Structures are given as C-alpha cells and as structure tokens.
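I opened the notebook to record how one pair of helices packs, and then to follow the sheet beside it and the division into domains.

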Amino acid sequence: MDIGIARHLKIPQLRLIAAIAEHGQLGLAADELTVTQPAASRMLADIEHTLGARLFERHAKGMVPTLIGRALARRAHNMLVELRDLAQDVEELKRGEGGMTTVGAVTGAAVGFVIPAIRQLKAISPRADVHVNVAASDELVHDLASGKNDFVLARLPRGVNPADFEIYPARTETLKLIVRKDHPLANVDQVTLHDLSNYEWVMQSHRAPIREAMENAFLSAGATLPTNITNTTSLLAMIAILVSSSAIAPLASEVPDLLLGDQVGAKLKVLPLNMTIEMSPYYLLLVKGRELSPVANRLRRLVTAALNRAH
C-alpha cells in the first residue's frame with residue numbers, strides 16, 4: 001500500500017468510504033453523497049486501485065469492510081467529524097463567537113466594565129475562550145505591547161510612547177474608603193481626612209495610582225499622612241485585613257459597589273468622606289496597527305459600549 005495515501009485521497013472519497021461502512025449498501029452511500037450508484041462504484045474502484053487493496057467484500061446482503069476497510073473507514077469518519085467541527089469553528093471565529101482573547105484591566109475597570117462585558121459575550125458566544133488579567137498599568141501595558149493582551153483598560157505608564165498605541169478615553173475613577181461594618185467610624189455622619197490620619201490603613205504601595213491619589217488628598221487637605229500602613233496589591237489580602245482589623249482601605253468605587261451589593265453582601269461599609277477623591281484617568285489601549293481577532297473585537301465593542309453608558 002502506498003504510504004503516501006494522505007496525498008491521494010480526497011474528501012469525497014473519504015465520505016464514500018465512511019458512508020459504505022455505515023450503511024453496508026453502495027446505493028445508500030451514493031444517495032448520501034448525492035451521486036449515482038455507477039459513479040460511486042467507479043469512485044470506490046479508483047480508491048482501491050490507488051491503495052492497492054480491497055476495502056469491501058461484496059455479498060448478496062451488502063458490502064462488508066475488510067480489515068483495511070474497517071481501519072480506513074474509522075479514520076475517515078473521525079477525519080470528517082474533525083472537518084465538520086473545524087468548519088463550525090471557522091464560522092464562529094468569523095462571527096466573533098469562538099476563539100480566544102485576553103484582556104487586561106486595572107481592578108476598578110475589570111469589575112465595572114470588563115467582567116459585565118464578558119458576561120454579555122458569553123451569553124451569545126459560550127464557546128469563546130476569554131482570559132482576564134487584572135494588574136497594575138505598567139504590567140498591563142507591557143503585556144499589551146508584547147502581545148499577551150489584546151487590549152487593556154489602563155493608564156499610560158511613565159516612559160511609554162503614546163504614538164505606539166491607539167488610545168481611547170475610558171473613565172476617571174473615584175475612590176471610596178472601606179471599613180468593616182463595626183468600625184469605630186462606621187456610623188458617623190461624616191468624616192474628614194484629619195479624622196483618619198491615626199487609623200490603620202491597607203493600600204497599594206508608593207507610586208500606585210490609588211496611593212498617589214490618597215497622599216495628594218491628605219496633603220491638599222492639610223492633614224497628616226497616615227503612618228500605620230500595610231502595603232498590598234492583592235484585593236483578597238486587603239479584604240482579609242479589613243474584616244479582621246480597624247484598617248481603612250481606599251478602593252476604586254466599582255469594587256465596593258460589588259462587595260456591598262446584594263449578590264456579595266460583605267460586612268463592610270463606605271465611610272462618608274466629606275470630599276471626593278479622584279484618580280488619574282485610564283484609557284482603552286490597543287497596539288497601533290495590530291488587528292484584533294473577531295472575538296477580541298466583539299469584546300472590545302461590548303466594553304466600549306459599557307463605558308459609553310457610564311458617562
């Protein structure tokens with residue numbers, strides 16, 4: 001037998017072999033392929049001549065595959081199923097309903113806009129393989145440039161050339177100060193930053209946007225900067241500290257909105273601060289000239305629509 005049969009057998013021939021093995025009748029196999037029985041007979045003869053082996057034994061009650069015929073029919077069936085699935089995958093990819101995408105976002109953007117957009121995408125494209133990276137802007141933009149993220153919701157880090165990216169305005173985050181429900185200040189009508197200087201805090205480290213916004217707010221208010229601070233970039237670690245101490249945590253407003261909502265119901269509370277603290281804005285960033293896959297483009301449109309509704 002020619003070991004190069006993969007180069008010689010065509011898809012209609014594979015379909016014929018699988019159909020004869022399934023039905024046991026050449027006529028039924030021809031009907032399935034919508035060809036005449038003589039044409040199917042000639043096609044089978046060509047296949048057997050190419051392989052140099054008989055694939056089916058002809059009997060009065062039908063056609064029975066030989067040992068080689070059974071092996072080839074099994075493989076032909078599997079290949080046709082794979083081709084059918086491939087065709088479906090290609091169509092889903094073309095419509096943006098399948099494939100893989102990776103999006104990066106700072107925490108507030110991930111909670112407020114990316115995750116709701118993913119839920120919308122999954123409702124219409126359940127086979128879409130979506131990955132979410134939640135990290136600081138430096139890491140997100142670095143991974144965007146290297147191709148690990150398709151697009152990101154992040155701030156432009158220092159030293160990054162804006163000309164390398166397509167930049168779309170997204171949102172300016174507002175901070176909320178979170179404490180456990182039985183915190184000493186949880187039930188007061190209003191607090192100032194002067195009231196908070198001597199409390200324990202848990203927040204991101206120096207140069208993080210939330211930390212910078214808080215320090216600028218203290219300095220602008222003429223209040224003493226807190227000194228009892230636990231530094232962490234982990235939201236889970238922050239929550240663990242909050243519920244076990246009298247610490248105060250500044251978070252982008254979308255995060256406490258989620259934690260205090262009915263679906264989570266965390267035993268936390270927002271302090272009624274007498275001022276609004278805003279962070280520097282973040283943007284929706286794409287690498288200039290890099291084409292998004294259909295599924296990534298669909299997710300980007302859903303995220304953009306969510307951001308537009310929030311304005």
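I began with the contact between α6 and α12 in this predicted model, and listed F113, V114, A117, I118, Q120, L121 and I124 on the α6 side, which meet V295, R298, L299, L302, V303, A306, L307, R309 and A310 of α12. Sorting the residues of this contact by character, I found 13 nonpolar, one polar and two charged.

I then looked up the geometry of the pair: helix α6 (residues 107–124) and helix α12 (residues 294–310) pack at an angle of about 130°, and their axes are 9 Å apart. Angles over 145 degrees would count as roughly antiparallel and those from 65 to 115 as roughly perpendicular, so I entered α6 and α12 as oblique to each other. The crossing of α6 past α12 is right-handed.

Next I traced what else α6 touches, and noted that α6 lies across β3 (100–105), β4, β5, β6 and β12, with a direction at about 175° to β4.

These strands led me to the sheet, which is open, has five strands in the order β4-β3-β5-β12-β6, and shows mixed pairing. I marked β4 (129–134) and β6 (165–171) as the edges; each has a single partner strand, so one side of each has no neighbour in the sheet. From one strand to the next, the twist averages 20°.

Within the sheet I checked β5 (residues 151–154) against β12 (residues 282–287), and found them antiparallel and joined by three bridges. One entry I kept is A154, whose bridge partner in β12 is Y283.

Last, I consulted the domain assignment, which gives domain 1 (4–95) and domain 2 (100–310), and noted that their C-alpha centres are separated by 57 Å.

Methods. Residues numbered from 1 in each chain as written. Predicted model: local features only at pLDDT ≥ 70, side-chain atom pairs only at ≥ 80, totals over all residues. Heavy atoms only, no water. Axes fitted to C-alpha atoms, helices over the stretch in contact; angles between N-to-C directions. Helix = DSSP H or I, 4+ residues; strand = E, 2+ residues; numbered from the N terminus. Parallel < 35°, antiparallel > 145°, perpendicular 65-115°, else oblique. Left-handed = near helix turned anticlockwise from the far one by under 90°. Contact = heavy atoms within 4.5 Å. Nonpolar A, V, L, I, M, F, W, Y, C, P; charged D, E, K, R; others polar. Domains from an automatic or database assignment. Pairing = 2+ DSSP bridges.
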